[in-house]
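Here are some exercises to work through with the model open in your viewer. Try each task before you read its solution.

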Amino acid sequence: MKSMSQTIERSLWKTLASIDSYFNMSGRIGDYCENRDLIIMYHSVGDPKLPLNISVERFRRDIQYLDESRIFVSVSKMLSTQNEGAPRVALTFDDGYWNFFEHVYPILSEKNIPAELFVVPSFIDDIDQQYIRDRLNIEQSPNRCMLTW
């Protein structure tokens, strides 16, 4: 049974998708970003049914598309240098999910693509994954474990 907050969240996303479809906002944003440097933020790559998650196949397609049209750089290089050529892109991954090493790292290392991984500092020494899932309201899934030391 879905909670009230899950129902509201799903309804909100459906409403935003309808607005996007009506006004073609995604297309306009795409046109605006076509020749600009981008910093793209991901959360989790694995099971697309989970919130803030995309499939490995979708991530591979994203990387292929970006590789054909942009130069991959680190966030620090993006922020410290001027673009003097092709549009650049920097990749970031929020929250430090374990599936970064399982799915993302092998794809990025194949092409020597830099990325920034931002972990949640308060979880670094916390090996109680159930506590972390409860605290973040995350469904139990091996793909949604947080990185710990």
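**Exercise 1: A lysine and its partner**

With 42% relative accessibility, lysine 111 counts as partly exposed. This is a predicted model, so please treat each value below as computed from it.

Task: find which residue forms a salt bridge with lysine 111, and say where the two residues lie.

Solution. Start with the distance: the closest N and O atoms of lysine 111 and aspartate 67 are 3.3 Å apart. A salt bridge needs a separation within 4 Å, so the pair qualifies. Next, place the two ends. Lysine 111 sits in the loop between α5 and β6 (116–119), while aspartate 67 belongs to helix α3, so the contact ties together parts that are 44 residues apart in sequence. Finally, check the cover on the acid: aspartate 67 has 37% relative accessibility and counts as partly exposed.

**Exercise 2: The other salt bridges**

Task: the whole structure holds 3 salt bridges. Describe the ones formed by aspartate 37 and aspartate 62.

Solution. Take aspartate 37 to begin with. Its partner is arginine 88, and their closest N and O atoms are 2.8 Å apart. Aspartate 37 is in the loop between α2 (25–33) and β1 (38–42), and arginine 88 is in strand β5, so this pair links parts 51 residues apart in sequence. Now compare each accessibility with the 20% limit for buried residues. Aspartate 37, at 26%, counts as partly exposed, whereas arginine 88, at 7%, is buried.

Turn to aspartate 62. Its side chain meets that of arginine 58 in a salt bridge, with 2.8 Å from N to O. Both are in helix α3 (residues 56–69), 4 residues apart, a separation of about one helical turn. Here aspartate 62 is buried, with a relative accessible area of 15%, and arginine 58 is partly exposed at 40%.

**Exercise 3: An unusual backbone angle**

Task: what is the sign of phi at asparagine 112, and is the residue buried or exposed?

Solution. Read the torsion: phi of asparagine 112 is near 55°, a positive value in a residue other than glycine. Then locate the residue, which is in the loop between α5 and β6. For the last step, its relative accessible area is 69%. The cut-off for exposed is over 50%, so asparagine 112 is exposed.

**Exercise 4: The cavity**

Task: how many cavities of 30 Å³ or more are there, and which element gives the most to the lining of the largest?

Solution. The count comes to 1 cavity of 30 Å³ or more. The largest cavity holds about 40 Å³ of space. Look at which residues line it: among them are His43, Val45, Phe93, Asp94, Phe100 and Leu117. Sorted by element, β2 (44–46), β5 (88–95) and α5 (99–110) each give two or more residues to this lining. The most come from α5, with 3 residues. Sorted by class, the lining has 6 nonpolar, 4 polar and 1 charged residues.

**Exercise 5: A nonpolar surface patch**

Task: which residues make the nonpolar surface patch of about 340 Å², and where is tryptophan 98 found?

Solution. The patch is made by Trp98, Phe101 and Tyr105. Tryptophan 98 is in the loop between β5 and α5. At 44% relative accessibility, tryptophan 98 counts as partly exposed. Patch members need over 30%, so tryptophan 98 passes that test.

Technical notes
Residues numbered from 1 in each chain as written. Predicted model: local features only at pLDDT ≥ 70, side-chain atom pairs only at ≥ 80, totals over all residues. Heavy atoms only, no water. 1 Å grid on protein atoms, 1.4 Å probe; cavity = no way out; pocket = protein on both sides within 12 Å on 5 of 7 lines; lining within 4 Å. Points joined across faces, edges and corners; volume = space filled by probe spheres on them. Nonpolar A, V, L, I, M, F, W, Y, C, P; charged D, E, K, R; others polar. Patch = residues over 30% accessible without salt bridge, like charges linked within 9 Å, V, L, I, M, F, W, Y side chains within 5 Å. Areas by Shrake-Rupley, 256 points an atom, 1.4 Å probe, with all protein chains shown as cover. Buried < 20%, exposed > 50% of the residue type's maximum accessible area, 1.4 Å probe, protein only.
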